[in-house]
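Work through the exercises below with the model open. Try each task before you read its solution.

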Amino acid sequence: MQIRTLKWRGLSMWPPEWTISAQGLGETGVLEEVHLRNDLNPKLISVVANHLGDTRQGIMVLENPALLNAVYGKLKQHLGRPLTEIGDLEISHVSPMPQRDPRQVRSPAPTQVGGQIRR
């Protein structure tokens, strides 16, 4: 899948929503910095881009932690590249984290049969 197709809760994550800008940047500019923010909830990627001397910041949020890490790694590899090229980058499919059935977390309680405890 392309970075451009990534979504979080139905919202497109590329190009990021630029937070420090007088006007929308879209995919205009060059990727300057990326930071993985594991200290926030939800975890996110902070993105900094520059277009003609105008530095803009944005964020990307993804529900799957493995996918978030894969996107972060791909972005780090492409610092200095145009945002339009970044949007075209392919991210290999990362399967979601398996959901654990809460009943499988603990082993069954021991039972007592004929004076002996069985597990």
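**Exercise 1. Find the acidic partner of Arg37 and classify both residues by exposure.**

Solution. This is a predicted model.
- Step 1: Look at the side chain of Arg37. It meets the side chain of Asp39 in a salt bridge, at 2.7 Å from N to O.
- Step 2: Check the distance. A salt bridge needs a side-chain nitrogen of Lys or Arg within 4 Å of a carboxyl oxygen of Asp or Glu. The 2.7 Å pair counts as a salt bridge.
- Step 3: Classify Arg37. Its relative accessible area is 31%, so Arg37 is partly exposed.
- Step 4: Classify Asp39. Its value is 57%, so Asp39 is exposed.

**Exercise 2. Repeat the analysis for Asp54 and Arg56.**

Solution.
- Step 1: The two side chains form a salt bridge, with N to O at 2.4 Å.
- Step 2: Asp54 has a relative accessible area of 28%, so Asp54 is partly exposed.
- Step 3: Arg56 has 5%. Buried means under 20%, so Arg56 is buried.

**Exercise 3. Which parts of the chain does the salt bridge between Glu27 and Arg4 tie together?**

Solution.
- Step 1: Confirm the pair. The side chains of Arg4 and Glu27 meet at 3.0 Å, N to O.
- Step 2: Place each residue. Glu27 sits in the loop between strand S3 (17-18) and strand S4 (30-37), while Arg4 is in the segment before strand S1 (7-8), so the bridge ties together parts 23 residues apart in sequence.
- Step 3: Check the exposure of Arg4. At 26% relative accessible area, Arg4 is partly exposed.
- Step 4: Look for further partners. Arg4 and Glu27 belong to a network of salt bridges that also includes Asp88.
- Step 5: Set this in the full count. The structure holds five salt bridges.

Side chains of opposite charge can pair when their charged atoms come close.

**Exercise 4. Is Ser46 buried or exposed, and which residues does Ser46 touch?**

Solution.
- Step 1: Locate Ser46. It lies in strand S5, which covers residues 44-51.
- Step 2: Apply the cut-off. Relative accessibility is 16%, so Ser46 counts as buried.
- Step 3: List the contacts. Leaving aside residues up to four places away in sequence, Ser46 touches Glu33, Val34, His35, Arg37 and Gly58.
- Step 4: Link back to Exercise 1. Arg37, one of these contacts, is the salt-bridge partner of Asp39.

**Exercise 5. What is the strand order of the open four-stranded sheet, and which strands are its edges?**

Solution.
- Step 1: Read the order across the sheet. It is S3-S6-S5-S4, with antiparallel pairing.
- Step 2: Pick the edges. S3 and S4 each pair on one side only.
- Step 3: Examine one pair. S4 and S5 run antiparallel and are joined by seven bridges.
- Step 4: Find a facing residue. Val34 stands opposite Val47 in S5.
- Step 5: Add the helix. H1 (residues 65-77) lies across S4, S5 and strand S6 (54-61), and runs at about 145 degrees to S4.

**Exercise 6. Describe the whole chain: how many helices and strands does it have?**

Solution.
- Step 1: Count the elements. There are two helices and eight strands.
- Step 2: Read them from the N terminus. The run is β-β-β-β-β-β-α-α-β-β.
- Step 3: Assess burial. Of the 119 residues, 29% count as buried.
- Step 4: Assess contact range. Among contacts between residues at least 6 apart in sequence, 58% join residues at least 24 apart.
- Step 5: Assess the surface. The chain exposes about 8,100 Å², and carbon and sulfur atoms supply 51% of that area.

Conventions: Residues numbered from 1 in each chain as written. Predicted model: local features only at pLDDT ≥ 70, side-chain atom pairs only at ≥ 80, totals over all residues. Heavy atoms only, no water. Buried < 20%, exposed > 50% of the residue type's maximum accessible area, 1.4 Å probe, protein only. Contact = heavy atoms within 4.5 Å. Pairing = 2+ DSSP bridges. Axes fitted to C-alpha atoms, helices over the stretch in contact; angles between N-to-C directions. Areas by Shrake-Rupley, 256 points an atom, 1.4 Å probe, with all protein chains shown as cover.
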